[in-house]
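Thanks for coming. I'll go through a few parts of one structure, so please have a look at it first.

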Amino acid sequence: MGIQAPRGTNDILPEAAAKWQEVEQKMYDICRLYQYKEIRTPIFENTELFQRGVGDTTDIVQKEMYTFEDRGGRSITLRPEGTAPVVRSYVQHKLFGEPDQPVKLFYTGPMFRYERPQAGRMRQFVQFGVEAIGSKDPAIDAEVIALSMEIYRSAGLKSLRLVINSLGDTESRSAHKEALIKHFAPRIDEFCEDCQVRLEKNPLRILDCKKDRDHELMATAPSLADYLNEESKAYYDKVKAYLNILDIEFVEDANLVRGLDYYNHTAFEIMSDAEGFGAITTLAGGGRYNGLVEDLGGPESPGIGFAMSIERLLLALEMEKVQVGQQDTLGAYVIAMDESAKEQAVRTVKQLRKAGISADMDYTGRKLKAQMKSADRKQAAFVIIIGESELQSGKAALKEMATGEQMEVSFEEMAEAIQSKRQKEEK
Ligand code: HAM
């Protein structure tokens, strides 16, 4: 066998691409309704951005990044996520100086994580995400969550579950951190090496550990919910109140922590409850990141956002048997009966396309019958047949495939004839 695509990557062939285009278009439409504007950032960044932005102790930074040295000796990383790059760009281009804050942005593009591939988990996947930077109003948290839910609903999904939690502010988190250290420290030598490092750097990550998850201290670990201060609780209550106003149903889960370090206050994930979805049921994740802009060198500009992979959205649509991706149908197929009719066929195709009618013809020298079959497969609305006698008379048969109706039309009037037939049908 020849060279294969690398493990964990996918080719998106035309039939699938039609589905991608349809769901992407829906996302753009919803972003317009909510007034989020597109931002495009590079696919690779300086490695330091993710170390500082996503966090040195996260699995993403420790185990999953595609990092390499470029020819100039710089450490470069293929972006594993979009938030840190967007925040970098917000700081670099001083978007914090824009009169209208928050700056509301969306992006789509490939992300890269060296993970173990399985259904819904890729090494290259496409994230769609939004970031609203420059506001700490709980109403914007609710807006971002509502936008994310609307995307799934408008795509046609029904079996969805929105899970929310509050990770609290810095004060709440450090009180919780201390409690975690007290809880784990006396018996930390019973835990894996990673957890021993985590205890010092970021004890919250111990709770995510796959190796030690059955250790008895895990179940009795102090919960962040018990350490939220009044301000954090009040913020969380307001987010929930706004979600209610927006008619967004949610469930709360105090164990929802998220795998990236920049979060505080609101955290949320959208899960699929569709049957047969497989082990990975998370469709999207996001949350608030007050402090990230400062960490990356900007002024205080609190933010919130979320991201989802389009692969998982399409997988969920498949599981819920929602049809997407109308195949494009052809306006007209032009058949040249022999070599002498080719030039006129090329001219007619050009003329139709100029008039905005999609047109195609044969480029492999096939006989009439094979060309007719092609026209059928492409679901051509019209077929135009050009042979020797047509060349002489300057007219060709225009056949409407749906009705079988056929009429003689001069070459010059071909496009108008198709358009007037179409208009009649629309009426
Ligand atoms: P995340 O939870 O790491 O968050 O990823 C968000 C989403 O990206 C996941 O829910 C999933 O749909 C998709 N995803 C992640 N890894 C893979 C993979 N290997 N294969 C397929 N899909 C994947 C973030 O990336 C944050 N930047 C989200 C955010 C934006 N938070 C605030 N703003």
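Which exposed residues does the face of α7 turned away from its buried side carry? They are Glu-193, Glu-200 and Lys-201. Keep in mind that this is a predicted model.

Now the other side of this helix, which covers residues 193-201. Cys-195, Arg-198 and Leu-199 are buried there. Looking down the axis of α7, these buried residues fall within an arc of 105°, so they line one face of the helix. The general point is that an α-helix has 3.6 residues a turn, so residues three or four places apart point the same way. As for partners, the buried residues of α7 pack against α3 and against α6, residues 170-184.

Next, helix α4, residues 83-92. This one is mostly covered, with nine of its 10 residues buried. Among them are Pro-85, Arg-88 and Tyr-90. The buried residues of α4 pack against several elements, including β2, α2 and β5. Just after α4 comes Lys-94, with a positive phi of about 50°.

Last, a single residue in a loop. Thr-57 sits between α2 (47-53) and α3 (59-64). Is Thr-57 buried or exposed? Its relative accessibility is 12%, and the cut-off for buried is under 20%, so Thr-57 counts as buried. The side chain of Thr-57 makes two polar contacts that I'll mention: one with the side chain of Asn-202, at 3.5 Å, and one with the side chain of Asp-261, at 3.3 Å. Beyond its neighbours within four places in sequence, Thr-57 is in contact with residues including Gln-62, Arg-205 and Lys-201. Lys-201 we met before, as an exposed residue of α7.

Key
Residues are numbered from 1 along each chain as its sequence is written. This is a predicted model: local features need pLDDT of at least 70, side-chain atom pairs count only at pLDDT 80 or more; totals for chains, interfaces and linings use all residues. Side-chain values use heavy atoms; hydrogens and water are left out. Helices (H or I, at least four residues) and strands (E, at least two) are DSSP runs, numbered from the N terminus. Buried means under 20% relative accessible area, exposed over 50%, partly exposed in between (1.4 Å probe, protein chains only). A polar contact is a pair of N or O atoms within 3.5 Å; within protein, one must be able to donate a hydrogen and the other to accept it, and residues adjacent in sequence count only if both atoms are side-chain atoms. Contact means heavy atoms within 4.5 Å. The arc is that of the directions from the helix axis to the C-beta atoms.
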